[in-house]
Amino acid sequence: MDQLLDSGYVHWFLRNSQSVQTIERFALALVYMAPGLSNAEVRTEGVASILRQFTSINDFIWDMLARKTQREGDEFLPLDIDPHIISSLQATPVFPLKNLPISILLSIIQNLQLFLELAAIEWGETKWRTLFIMEITKAILRLILLVQTKGKILAHRLLPKRYLLPIDGYSDIPTIAEQERRESVRAASLSSTPPTLHIILGEILWIIRPIIYLLALFKFGKRSWKPWIISLSVDILSLSRTSNLKLNPPEINEMQKRKFALLYYLFRSPFLDRFIIGSLKTSDPGRVRGAILGVLNTIANRYTYTSGSD
C-alpha cells in the first residue's frame, strides 16, 4: 500500500485534487449529453459506470492518504503539495479499516447496478433475476458489515467521498477553534451509538427490505398495491427502531437520508401511475407535458432509479 501511495499518479492526483474532482463531475455530465450516447441507454450507463468506478478509485486513494496523514503526519507527502490539500486530508473523517473491503465491494455494485439492469433488458436476460442477484449480494455484504460493527447503525457502508475544505476563508494555519472542531467531528464519527436489540432489528429490516420488495413484485406484479405497501411498512418499521435514540452526527445524517428516501415511494408504481402520470395524461398532452410523461414513464420502468437501495 505504501508503494501505491508513493506512485507518480498519486502525487499528480494530490497536486490536482480540486481539478480532478471538477473533471470527474464534468465528464459524467458530458456522457449524458453526448449526441452519440444520449439515445443509447446501455452504452451511456456503461460509460458512466466506468467513470464512477474511476471516481471511486480516487476516493479510495484519498481515504488511504487521509488515514496515513492522520497516523504518521504529512512528512511522506511531496514538498510541493498545497497546504489546503494537507489540511483537507487531516480533516477527513476516517472509519474502521476492517470495514473498507466490504465498503469497496458495495460501492462497485452501486456504480454498476443501473448498467446491469439495462444490460439485462438489452441482452434478453430476465431483469428481475439480475436485480434479485444484486440485492441478495448487497444484503449479504451489509449483514457481514453489521456483524463486523457488532450491530451498530451502518452509517459508513459505502466508500467515503473525498473531503476538500472550502477554499473561501481557508488559512494555512487553522485556529484553535477550528482544530477543536475537527477533532470533535472526527471523535463523533468514530464513536457510534451502542448497539441494542432495537438497532439490530431496525438494521436487519433495512437490509432485507429491497429483497422483500422484489419478492412481492414478483408475486403480485408491479400494478398491485401490495408490494408498495409491504415495502413502505418495512421501511417505516425500520426507522421507528431508532426514533428515540441519541445518535452521533454520521448516524443522524444516515437516518435523514433514509427518511428522505421515502420520497421514492411517490415515484413507484402504482402510486406514480395512478396519482401523477394519471393526472397528467390528456388526449393532447402537448410538448412540455409529453416530455414530463416520458421522463416519468422511464422512472417507473427502472427499478434502480427508485429502489432506495445503496
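Which exposed residues does the face of α3 turned away from its buried side carry? Here are some notes on that and a few other features, with the reminder that this is a predicted model.

1. **The outer face of α3.** To take the opening question straight away: Ile23, Arg25, Phe26 and Met33 are the exposed residues on the face of α3 that points away from its buried side.

2. **The inner face of α3.** The buried residues of this helix are Ser17, Val20, Gln21, Glu24 and Val31. Looking down the axis of α3, you will find them within an arc of 105 degrees, so they line one face of the helix. Their packing partners are α2 (8-15), α4 (41-72) and α5 (83-91). As for its dimensions, α3 covers residues 17-33, which is 17 residues, and spans 25 Å from first C-alpha to last, close to the expected 24 Å.

3. **The overall fold.** It may help to place that helix in the whole. The protein chain has 14 helices and zero strands. Of its 310 residues, 43% count as buried. Among contacts between residues at least 6 apart in sequence, 76% join residues at least 24 apart. The chain exposes about 16900 Å², and carbon and sulfur atoms supply 64% of that area.

4. **A nonpolar patch on the surface.** Do have a look at Phe132, Ile136, Ile140, Ile144 and Leu215, which form a nonpolar patch with about 390 Å² of accessible area together. Helix α7 (residues 127-148) gives the most to this patch, with four residues. Ile136 is found in α7, and its relative accessible area of 30% makes it partly exposed.

5. **Salt bridges that span the sequence.** The structure holds 15 salt bridges. In general, side chains of opposite charge can pair when their charged atoms come close. One pair to look at is Glu41 with Arg302, where the closest N and O atoms are 2.8 Å apart. This pair links distant parts of the chain, since Glu41 sits in helix α4 and Arg302 in the loop between α13 (286-300) and α14 (303-306), 261 residues apart. Glu41 is partly exposed at 33% relative accessibility, whereas Arg302 is buried at 14%.

6. **A second link from α4.** Asp59 and Lys161 also meet through their side chains in a salt bridge, at 3.8 Å from N to O. Asp59 lies in helix α4 and Lys161 in the loop between α7 and α8 (176-190), so the pair ties together parts that are 102 residues apart in sequence. Buried or exposed, what are the two partners? Asp59 is buried, at 3% relative accessibility, while Lys161 is exposed, at 60%.

7. **A local pair within a network.** Glu254 and Lys257 form a salt bridge whose closest N and O atoms are 3.8 Å apart. Because they are three residues apart in helix α11 (residues 249-260), about one helical turn separates them. Glu254 is buried, at 2% relative accessibility, and Lys257 is partly exposed, at 44%. Both belong to a network of salt bridges that links Arg157, Glu203, Glu254, Lys257 and Arg258.

Conventions
Residues numbered from 1 in each chain as written. Predicted model: local features only at pLDDT ≥ 70, side-chain atom pairs only at ≥ 80, totals over all residues. Heavy atoms only, no water. Helix = DSSP H or I, 4+ residues; strand = E, 2+ residues; numbered from the N terminus. Expected span 1.5 Å × (residues − 1). Buried < 20%, exposed > 50% of the residue type's maximum accessible area, 1.4 Å probe, protein only. Arc of directions from axis to C-beta. Contact = heavy atoms within 4.5 Å. Patch = residues over 30% accessible without salt bridge, like charges linked within 9 Å, V, L, I, M, F, W, Y side chains within 5 Å. Areas by Shrake-Rupley, 256 points an atom, 1.4 Å probe, with all protein chains shown as cover. Salt bridge = Lys/Arg side-chain N within 4 Å of Asp/Glu carboxyl O.
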